[in-house]
Structures are given as C-alpha cells and as structure tokens.
Amino acid sequence: MLRLEKRPSPSRFWQMATPVLAVVLTMIAGGLMFALLGKNPVEAIRTIFYDPLFNPQFAAYSRPQLLVKAGPLILIAIGLSLGFRAGIWNIGAEGQYIMGAICGAAVGLAFYPSESVLIFPAMVLAGALGGWAWAMIPAILKTRFRTNEILVSLLLVYVAEAILASMALGRLRNPEGGGFPGSRNLSKWEASANPELIAGTGMHWGVVAAFIAVIAAYILLQRHILGFQIKLAGQAPRAARFAGVAPTKLVVLCMGLSGGLAGLAGLFEVTGPAGQISIDFGSGYGFTAIIVAFLGRLNPIGILLAGLLMALTYIGGELAQFMLGLPSAAIQAFQGMLLFFLLAVDLLSNYRIRLAKRGVA
Amino acid sequence: MKRRTLLTTAALGLGLAFGGAAHAQAMDKVKACFVYVGPIGDGGWTYQHDQGRLAVEAAYGDKVETAYQENVPEGADAERVLTQMALSGCNIIFTTSFGYMDPTNNVAAKFPAVKFEHATGYKRDSENVSTFGARFYEGRAVIGTIAGRMTKTNKIGYIASFPIPEVIRGINSTFIHAKKVNPDVTISVVWAYTWFDPAKEADAAKALIEQGIDVIVQHTDSTAPLAEAAKTDGIIGFGQASDMAAYKPSPRVSSIIDNWAPYYVKRVGALLDGTYAQVDSWEGISAGEVEIGEITDAVPAEVKAEAEAIRDAIGSGTYHPFTGPLNKQDGSVWLTEGQTAPDGDLLGMNFYVEGVTGDIPQ
C-alpha cells in the first residue's frame, strides 16, 4: 500500500525536480497519444522539442522566434508571480495586456505621421500606464469594497476585448484601410516601430524588458525588504501584519506591477510582431503566462526557463502539425498535459510517499 | 522523412538559385500548402477549403504534395506559420482567411520564389501575392429571396462575424432581396466577432429567436445556429459555406456552398505547366465557386422556382444583385435606376442600404 505523509516543510529537492519530472511525464504520455493517432511518437517529440532548435532547415528562423514568443510570456509571468507569492491573484493579465497595447498605440497614432524619436518612449510609458490603470480597478475594488480580485480581474478581460474590437473598428481604425478593421501598421512606421535590435536574433525591446524584469525580480525577492514582505504575506499573512506589512499597500503594489508589466508586453507586441491593433490582437499571452508563472515555480529564473519551454512547445507544436499532419487539438492537449502533470507531481514536494503494510494504515 | 527533407531542400535550393525567374517555368512537382483559420472538421468554411485541397490532390496525383495547418490565429502567429511553410519547401501557399492579409504580404516579400494566394483580401504588395475571393453576395440574393418569402413574423435574424465589407455586403444583399418579395420584412443583426465559435453562435441564435425572428441567416462557420433552430418548430436557416446537409429538410432549407476546388485546381495547374501569373480573382455563381445547395421540400414549389430563377439570372449575367435604385441607410442615393454597383464600392462597402436597422459597429 502506498501512503502519503505530509512533509514538515516542502522538499527543496522535489521543488526543483518536479518541473523536470513533469516534462518527462508529458513526453511519455504525449508520445502515447501521438502513437494512438498513428504517428511515430519519437519523431513527433523530436519535431516539437528538437527541430525548432537544431534542424538545419528551420532552426535559423525558429530559434529567434523562441525569444519573440517567450518575451511577452516571461514579462507578464514575472509580474504575476510577485502577486501570486503574496496571495494576490491577478487572473486578468490578458486584459491588462490588451489595454496596454491600446493606450500605447493610441498615444503613438495621435502623433502620426511625426518622426520624432520621443514617440516610442511615450508609447512605452502609455502602455505601462494603461496596463497599470486596468489592474488598479480590481485592486481598488478589493481594498475598498473587499471584492474578489480573481473574479473582477478575469471579467475585465472581456471588457478589454470589447474595447479592443471597438477601437479596431472605430477610433483607431486605419483611415487609409478601405473600411477594413485594424489600425495603421505600427511596426512599419519608423517612429513607433519595435524592430529586431540585432538582425537574426529575434531580440526586440520586449525581450530586453523581459530579461530586465527577470533580473529586477530576482534582486527584489532576494535582497529587498519589499520582496521579503511579499513572501511573508503569502506564507504567513498574520505574521506579516504583525511585522508591519500593510495588506492594502501590498495589493495595490502587486496588482499595479503585474498590470504595468502586462501592459508593457502588450505595447511591445503591438509595435513589433503583431504590428497593429486588430480585433483578434489578444492572443492569450495573459492566460498562458499564468501557466508559465507556476511552471517556473514563481521564481524569476524558473519563469525565464518556463517561458522558453512554453514557447518551444508552441513553435515545435506548429511544426509538428504541419510536418507530420498532427491535429492542432493534439498539440493543445499536449500543452495541457504539461500543466496537469506539473500540478500532479507537485504532490511530491509537499508529501512523502511511504510504503505501508496492509492493515496498518 | 528523409526523402521529404531531401526533396524540400532541393526545392528550396532551386527556388533560391532561380529566384524571380523561376515562376515562368513549368514544374515537375508542386508542394501546395494551406493555412486554415478553423479546424478542418468545422463543417463550414475551413472544411470547404480542405475539400479544395483534396480536389487538388485528386486532380494531379503524385505531381502534387499538399500539407496544411488548421486553427492558425490571425495575427503574429500566422506570420511564423507561413515562414515555416515557406522554409519547408512549399511552392504555393493558400492563406484562407481575411486576417492573414498582412502576414501573407510580409512573408511573401521575404520569399519571392514562393507563390502566395490570399483569400478575401485586397493587398498584393509583391508580385508573388495573388488574392482570390468569391461573390458570396450572389448566393445571399438567392437565400434572401427564400427568407423574405418564408418568414411569417417578417423578422429575419442575421448572425454576422466581423463588420468588414465582405460581411456587410452579405447583409445588404440578403435584405434587398428579402424586401423585394416582402416589403414588411426587417432584419436584426447580431455581431459575434468570431468566424468559428459554436457556443457564441448558438447564443446569438438563441437571442435572435427570443426576439421573434423565424429565419436565421448566418455568416459564421459552424452548424451551431442550425442546431439551435432545430430546437424550435417553425424556425428555418441556411447552410453557410458548406451544405450542412445533416439539418435537411428543415431547419436547413437551402445553403450557400463555397466551392474552392475549381480555383485551387486551376492555380496549382498553372504552376505545374508554367503559366502562373499574379491575379485578383473574384468569381461567383457563373464560375461555379458559389453554389446554392438543394432547396428542400420545406419550401413551397413556387418559392423554390423563384429562388432558382434568381440564381440562374445571376449565373447567366442578366441580373446583378446590386442594381439601382438603391439608397444608403441614411437616405442618400447610392445607385440610380438601372445602375449596377461597381466592384470598388462592393469591396470597400461600409454602409447599410436603406431599410436595414441598427448601426455598423464603429
């Protein structure tokens, strides 16, 4: 008989090992699924995990794309992880991402067709502010009226999507677009463009910001009193209050930070890879970032790796669909397995598995 | 796998070596690739495009290899998918949704030796981009006639996807022809902001039925609105993009079928025999790209005959669905007596005709 025994404190070893174990288990279960679909599982797994990085035909293109795809995920997930650590659940990063993009783009387009070098910095600022302001709604409702920030932030995503559609069709629509929805292409207007900084690397300002956020979050959590307060508030809220942590301030701060970073991610996306405000600009980064944050154990370095891994499953998954004819639902199921196994093996860091004799337990 | 890699590498090498000059030459084998916005099992838009792909395979056998990717979001992701396709050695890539317009043109500029065919768009930034569409508004004229005759409440419900000219054209054409046979008819439009989302589409149908409509016309791709209509007696609808024959004889009383096969077979054939050239193709009933699915017995014989007469008149070119006198919604004159709409007006249509209620979302 197997028996679970709660550990006095979470195992450090298993906290590090479970993400790796989850990836391995996903490969096995996913391989099984691919085999049932009549595909060679080894080839499928290799196409997802190996080909985007090393296949001579694709790697030169897909390796930089890894950064393009991982950049916004990491940037958003870093912000979310701070709140999650303090027990503040911002589920609406997707909405903040969209609002950041809209505000940033609106500021830029207001100056079209000026070529001033100040436009892009102004847009970055507006993007961060837009995301921040959108996150302030659930934050203030929580601190003032004790509403649930999970519900409010999530529902505001749908509001943001409606605003996005209305902007793409109305105020921000390209007046030279022949009546079609969508704004001017920001990546083709030099003053607002967020291009590849070094050709062939995929590195744009959003990726740079993501790396800076990782480092800043690491320092904040390791060295700064605020990081200590965040961790304490999450682990022992009562103790935190005795230690002089003001919960209201923490909520406003964490929500604001995660909203601002999500807004930045949206701004860098709309000025770079996406290029324009369109009805379907929101592509789910805000939700996927929640998975990335947990996959990375809410640890900045972990999130960096998790973001890259997630990006790899996207890009490799596309390749597998196309090269091997796998249905797209199979790839989504494969990504879902990753989160499922992660949560399942999480048990190991909090519990010990013991062999017990029948009848004793 | 090895053989394919070898082939594609060879094709890529060839493409690079000949560059722009290669397009005028005949090819021994073509790899045709397709990007789909929905799943191939949607029973509508994407399903029909995939039928076109299968028709290409059937027509050219082992002279052609096809590949496809489904559920590709319209945006930054599409650009990556297209690039990966071009890198893998596709000779011609069909991008089958409006939202792929910018990605298609961006990637086409980087791969001059690969042909790109964008459905329903209007941008052809480089020589290797062609656009193609179908005059679905011709089909809408036929089902609009049936809708006008069949409605007892004089209320037609319309599930629209996005407020783009393509969709607005369909609403106008449906309304004009319903009104022609039934002056009391009104039309209620619900914007779903999706091409394919069975849950949203079912909700939209439900809301319309509650408002008292008894005919549903849809410009979204799933069968959900028909499934919703089937729950209430006396509600009818039409197959969209695909025949949706499972809902015969009612609620599905007819359908507009997109038949992409003739175009796909023609374009891949042109690439094979070296006659390929850039086009802006917009064909309708006459070329077989727009078909009217069987009109079932749920429709009275005289209505059926009337609808078929319109279909044949459009097909033979004696009737244009947008023929004046027609006013815009605000009452200003659009087309005078006998005047037909120029294609430019139709392609950029962003206004309702007189009598349609509600506003186009801005």
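**Strands, helices and an interface**

Modeller: In strand 8 of chain B, Ile216(B) has Gly157(B) standing opposite. This is a predicted model, in which local features need pLDDT of at least 70, side-chain atom pairs count only at pLDDT 80 or more, and totals for chains, interfaces and linings use all residues. Residues are numbered from 1 along each chain as its sequence is written, while chains are lettered from A and ligands numbered from 1 in the order in which they are written.

Colleague: What makes strand 6 and strand 8 of chain B a pair?

Modeller: Strands are DSSP runs of E with at least two residues, helices are runs of H or I with at least four, and both are numbered from the N terminus. Two strands pair if DSSP finds at least two bridges between them. Strand 6 and strand 8 (residues 215–218) of chain B have 4 bridges, in the parallel sense, and Ile159(B) stands opposite Gln218(B) there. Strand 6 also pairs with strand 7 (residues 186–191) of chain B in the parallel sense, over 6 bridges; Ile156(B) stands opposite Ile187(B) in strand 7.

Colleague: Why is the crossover from strand 6 to strand 7 of chain B given a hand, and which one?

Modeller: The path runs through helix 6 (residues 165–181) of chain B, and this β-α-β crossover is right-handed. That term applies if, with the strands pointing away from the viewer, the path from the first strand over the helix to the second runs clockwise.

Colleague: How do you know whether strand 6 of chain B is mostly covered or not?

Modeller: A residue is buried if 20 or more other C-beta atoms, placed from the backbone, lie within 10 Å of its own, exposed if 12 or fewer, and partly exposed in between. In strand 6 (residues 155–160), 5 of the 6 residues are buried.

Colleague: Why is the sheet of chain B called open?

Modeller: Its 6 strands follow the order 7-6-8-9-10-12, with mixed pairing. Strand 7 and strand 12 (290–293) each have a single partner strand, so one side of each edge strand lacks a neighbour in the sheet.

Colleague: How does the span of helix 8 of chain A compare with the expected one?

Modeller: The expected span is 1.5 Å times one less than the number of residues. Helix 8 (residues 205–223) has 19 residues and reaches 26 Å from its first C-alpha to its last, close to the expected 27 Å. Helix 2 (residues 45–60) of chain B, with 16 residues, should span 22 Å, and its end C-alpha atoms are 23 Å apart, which agrees.

Colleague: Where do the buried residues of helix 8 of chain A lie around its axis?

Modeller: The buried residues include Gly206(A), Val207(A) and Ala217(A). They fall within an arc of 150°, so they line one face of the helix; the arc is that of the directions from the helix axis to the C-beta atoms. The face turned away carries the exposed residues Ile212(A), Ile219(A), Gln222(A) and Arg223(A).

Colleague: How many residues of chain B are in contact with chain A?

Modeller: Contact requires C-beta atoms, placed from the backbone, within 7 Å. By that rule, 31 residues of chain B are in contact with 30 residues of chain A. Helix 3 (76–87) of chain B gives the most to this side, with 8 residues.

Note on methods: Contact = placed C-beta atoms within 7 Å.
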